[in-house]
Amino acid sequence: MSDKHYDALPKAHTTYANIIKSLLPIGDNAKVGKDALPQATYYVDDLHIDQANLKDYRKICGFADNSKVPITYFSVLSQALQMNMMVKEPFPFAMLGMVHVDNSVTQYRRIGERETVTMSVAFDNLRDHNQGQQFDFVTIIKSGDEIIWQGTSTYLSRSKKPDSSASGKSAPRPVTVKPIVDEAGVHNIFEVPEDIGRRYAFISGDFNLIHLHPLSARAFGFPKAIAHGMWSKAKCLAMMGELPDACTVEVSFKLPILLPSEVELIAEPVATLDSVENTCHFGLYSAKNDKPHLAGHIKLLAEDQ
């Protein structure tokens with residue numbers, strides 16, 4: 001087990017210097033086999049939220065300035081630890097070009113923007129996929145000994161020639177059909193600008209080359225730069241209005257949003273969440289056809305959770 005403790009989130013310039021160093025054929029860049037992940041957990045023992053960064057994050061995603069932490073924000077902050085873990089540990093996959101395919105976050109209570117918390121991030125759940133291999137980063141946020149937020153980010157490392165005989169592969173994703181607009185819900189058609197990937201990268205710290213420029217995106221098989229999945233998730237939730245203080249939001253990222261694009265949010269009303277049995281579904285689609293970019297849902301937490 002390899003654990004590392006930080007006093008604050010690693011700075012982006014330090015993180016990316018380590019990433020560049022890891023790509024060079026020098027030093028000890030030993031990799032483990034692709035049948036195992038590093039047994040590592042990284043911590044920030046006293047995480048103080050950067051208020052300027054939080055302000056910029058709210059602005060680019062559309063969240064209200066309401067003194068609480070947006071439900072997706074810790075997923076973004078945890079990426080600084082994730083990137084360091086992929087560089088400093090014997091990580092088996094190529095970091096650049098990996099695709100974020102699923103994200104689940106659970107908030108157990110309202111979290112104030114000036115609270116000091118503890119963050120931990122660990123690798124988990126390596127499994128085969130019909131396009132390569134998937135794994136999770138699991139993030140836990142605590143206030144003292146109380147877990148107040150946790151999230152799972154699932155990434156796909158694509159292989160050019162996946163092994164068709166491998167067992168336990170992820171099943172093909174179900175076809176998503178654009179639903180009929182619920183008049184009581186949210187329906188919004190909006191433009192996603194060409195530079196959103198670069199702008200969001202400076203706020204989130206995620207400078208994955210697939211998001212920055214058409215030329216760098218083409219190196220990883222995309223015809224154009226694509227929007228960050230966590231930006232699209234946050235943008236949808238911000239447009240849906242005030243969320244419950246204790247809830248889970250899960251999304252699957254479908255087809256990438258090629259930049260620039262015109263997209264369409266179709267969401268059921270959050271007000272339908274009046275019991276733990278109910279689910280609020282939402283999706284982001286191409287405005288020109290039925291192609292899905294994101295499919296998600298929100299559920300309340302049971303009182304004993």
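**Exercise 1. Helix 3**

How many residues does helix 3 have, and what does it reach from its first C-alpha to its last? Determine also where helix 3 is kinked and how far it is enclosed.

*Solution.* The structure is a predicted model.

Step 1. Helix 3 covers residues 73–88, which gives it 16 residues. From its first C-alpha to its last it reaches 24 Å, close to the 22 Å expected at 1.5 Å a residue.

Step 2. The axis of helix 3 has a kink of about 30°, and the centre of this kink is Q79.

Step 3. Of the 16 residues of helix 3, 15 are buried, so the rest of the structure largely encloses this helix.

**Exercise 2. The packing of helix 2 against helix 4**

Describe how helix 2 and helix 4 are arranged, and name the residues through which they meet.

*Solution.* Two quantities are needed, since packed helices are described by the angle between their axes and the distance between the axes.

Step 1. Helix 2 comprises residues 51–61, and its axis lies 9 Å from that of helix 4. The packing angle is about 155°.

Step 2. An angle over 145 degrees counts as roughly antiparallel, and helix 2 is therefore roughly antiparallel to helix 4.

Step 3. The crossing of helix 2 with helix 4 is left-handed.

Step 4. On the side of helix 2, the residues that meet helix 4 are N53, D56, Y57, I60 and C61. Their partners in helix 4 are I196, R199, Y200 and I203.

**Exercise 3. The packing of helix 2 against helix 6**

Characterise the arrangement of helix 2 and helix 6, and list the residues that meet.

*Solution.*

Step 1. Helix 6 spans residues 229–240. The axes of helix 2 and helix 6 come within 8 Å and cross at roughly 75°.

Step 2. Angles of 65 to 115 degrees count as roughly perpendicular, so helix 2 is roughly perpendicular to helix 6.

Step 3. Y57, I60 and C61 of helix 2 meet W231, A234, K235 and A238 of helix 6. Y57, I60 and C61 are also among the helix 2 residues that meet helix 4.

**Exercise 4. The surroundings of R199**

Where does R199 lie, and is R199 buried, partly exposed or exposed?

*Solution.*

Step 1. R199 belongs to helix 4, which runs over residues 196–204.

Step 2. The relative accessibility of R199 is 38%; because values between 20% and 50% define the intermediate class, R199 counts as partly exposed.

Step 3. With residues up to four places away in sequence set aside, R199 touches I60 and P193. I60 belongs to helix 2 and is one of the residues that meet helix 4.

Step 4. H211 is twelve residues from R199 in sequence, and their C-alpha atoms are 9.9 Å apart in space.

**Exercise 5. Two residues of strand 4**

State whether S120 and N125 are buried or partly exposed, and describe the contacts of S120 and the phi angle of N125.

*Solution.*

Step 1. S120 is part of strand 4, residues 116–129, and N125 has its place in strand 4 as well.

Step 2. Buried means under 20% relative accessible area. S120, at 13% relative accessibility, therefore counts as buried, whereas N125, at 39%, counts as partly exposed.

Step 3. Apart from its neighbours within four places in sequence, S120 is in contact with T41, Y42, Y43, V138, T139 and I140.

Step 4. Most residues other than glycine have a negative phi. N125 is not a glycine, yet its phi is positive, at about 55°.

**Exercise 6. Loop residues**

Locate S67, P260 and P223, and describe the backbone of S67 and P260.

*Solution.*

Step 1. S67 lies in the loop between helix 2 and helix 3. Its phi is near 75°, a positive value in a residue other than glycine. S67 has 35% relative accessibility and counts as partly exposed.

Step 2. P260 is in the loop that separates strand 8 (247–253) from strand 9 (261–267). Most peptide bonds are trans, but the bond joining L259 and P260 is cis, with omega about -5°.

Step 3. P223 is located in the loop between helix 5 (214–218) and helix 6. Its relative accessible area of 48% makes P223 partly exposed. Beyond neighbours within four places in sequence, P223 contacts R218 and L258.

Definitions and conventions:
Residues numbered from 1 in each chain as written. Predicted model: local features only at pLDDT ≥ 70, side-chain atom pairs only at ≥ 80, totals over all residues. Heavy atoms only, no water. Helix = DSSP H or I, 4+ residues; strand = E, 2+ residues; numbered from the N terminus. Buried < 20%, exposed > 50% of the residue type's maximum accessible area, 1.4 Å probe, protein only. Contact = heavy atoms within 4.5 Å. Expected span 1.5 Å × (residues − 1). Bend = angle between axes of the 7 residues up to and from the residue. Axes fitted to C-alpha atoms, helices over the stretch in contact; angles between N-to-C directions. Parallel < 35°, antiparallel > 145°, perpendicular 65-115°, else oblique. Left-handed = near helix turned anticlockwise from the far one by under 90°.
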